[in-house]
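Student: I would like to work through this structure by question and answer. May we begin with how its strands are paired?

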Amino acid sequence: MAIGTFTLEDRKKLSPAALAVDGKAVYFSDEKQTRWLEILPTFGYIKYYDLNAEAKAVNAVKGVPEPVIGVPDLAQATKLALNYAQSLGIDDSQLARKTDGDLDVHWNITRRQWMDPRTNKPVDEIQDFGVYFTRLVGGIKMSGFGDVYVDFGNNAKVHELEINWRNLQPYQLLTNLVTPAQIISSIQNGETALPTMEGWPIDSIKTLTITNAVPRYGRKPGDEPVEFLVPALQLDAIADNGNTNKPIWFQTGIFPPKTL
């Protein structure tokens with residue numbers, strides 16, 4: 001609410017359909033709906049958006065893009081995003097790190113290109129800079145990234161902020177993990193699907209060399225209910241079709257297949 005300068009007077013009434021998703025949901029917005037905040041407490045989900053934080057593609061008066069001013073660079077955006085995560089109660093120890101110990105950070109850079117009518121030359125500039133952090137659950141990373149996302153526009157204002165941070169509790173500890181032989185068998189019989197690769201039909205692959213295997217928790221969109229999180233096994237591999245090779249990754253079950 002502080003980021004969006006909202007007060008309780010900015011709270012809007014939600015429809016029955018919206019409350020059916022989460023009966024505790026709250027929604028704030030300005031009068032023109034250019035700035036809004038959605039909170040789904042039951043799901044641990046927050047989404048904030050400010051249309052005016054980003055330079056508009058076309059200035060209604062001058063007919064050219066609004067100027068890009070003060071968009072933070074990689075280091076600045078990363079530091080700012082981490083500060084916002086901490087202010088929301090997310091400790092650094094809850095964020096995934098790379099093997100070298102640095103935070104596992106990903107970036108989303110939005111660029112725009114336009115022709116300057118004054119110089120008749122093309123302009124290529126960064127319009128906003130987004131930062132992703134990934135959550136750790138019991139020492140295991142979530143699959144992909146996007147548990148914390150902060151996107152900055154002009155003057156380092158928050159253009160978009162999305163937090164997907166469910167209140168998870170340990171349920172059951174299982175130790176009967178899948179064996180390498182079972183993984184190979186599941187790939188060979190098609191139970192574990194390989195990713196689609198353009199120009200690479202599955203039957204063209206001569207060898208598949210698994211180079212790494214790590215557990216990962218899957219995720220659903222923040223506004224969808226989740227009863228349980230169960231880890232899968234992420235496999236990094238090299239596919240070879242006899243002429244060339246390429247790195248791929250895919251997932252399989254981390255627990256042995258059930259037998260009747």
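**Strands, a helix and salt bridges**

Tutor: Thr207 stands opposite Asp240 in β11. This is a predicted model, in which local features need pLDDT of at least 70 and side-chain atom pairs count only at pLDDT 80 or more, while totals for chains, interfaces and linings use all residues. Residues are numbered from 1 along each chain as its sequence is written, and side-chain values use heavy atoms, with hydrogens and water left out.

Student: How many bridges join β10 to β11?

Tutor: Helices (H or I, at least four residues) and strands (E, at least two) are DSSP runs, numbered from the N terminus. Two strands pair if DSSP finds at least two bridges between them. β10 and β11 run antiparallel, and the number of bridges joining them is 10.

Student: Which are the edge strands of the open sheet?

Tutor: Three strands form this open sheet, with antiparallel pairing, in the order β10-β11-β12. An edge strand here pairs on one side only, and the edge strands are β10 and β12.

Student: Which residue of β5 stands opposite Val105?

Tutor: Strand β4 (residues 105-116) pairs with strand β5 (residues 121-133) in the antiparallel sense, over 12 bridges. In the hairpin of β4 and β5, four residues lie between the strands, and Asn120 takes a positive phi near 60 degrees. The residue opposite Val105 is Phe133.

Student: What is the bridge partner of Gly130 in β8?

Tutor: β5 also pairs with strand β8 (residues 148-152), in the antiparallel sense and over five bridges. In β8, the partner of Gly130 is Asp151.

Student: Which residues of helix α3 are buried?

Tutor: Buried means under 20% relative accessible area, exposed over 50%, and partly exposed in between (1.4 Å probe, protein chains only). The face of α3 turned away from its buried side carries the exposed residues Ala181 and Gln188. In α3, which spans residues 180-188, the buried residues are Ile183, Ser186 and Ile187.

Student: Why do these buried residues lie on the same side of α3?

Tutor: An α-helix has 3.6 residues a turn, so residues three or four places apart point the same way. The arc is that of the directions from the helix axis to the C-beta atoms. The buried residues of α3 are on the same side because they cover an arc of only 100 degrees.

Student: Against which strands do the buried residues of α3 pack?

Tutor: Contact means heavy atoms within 4.5 Å. The buried residues of α3 pack against β10 (207-217), β11 (231-240) and β12 (245-253).

Student: How many residues apart in sequence are the parts that Asp50 and Lys157 tie together?

Tutor: A salt bridge is a side-chain nitrogen of Lys or Arg within 4 Å of a carboxyl oxygen of Asp or Glu. Asp50 and Lys157 meet in one, at 3.7 Å from N to O. Asp50 lies in strand β3 (residues 45-50) and Lys157 in the loop between β8 and β9 (158-164), so the parts tied together are 107 residues apart.

Student: Is Asp50 buried or exposed?

Tutor: Its partner Lys157 is partly exposed, with a relative accessible area of 44%. For Asp50 the relative accessible area is 5%, and this residue is therefore buried.

Student: With which residue does Asp116 form a salt bridge?

Tutor: Asp116 is buried, at 8% relative accessible area, whereas its partner is exposed, at 71%. The closest N and O atoms are 3.1 Å apart, and the partner of Asp116 is Arg118.
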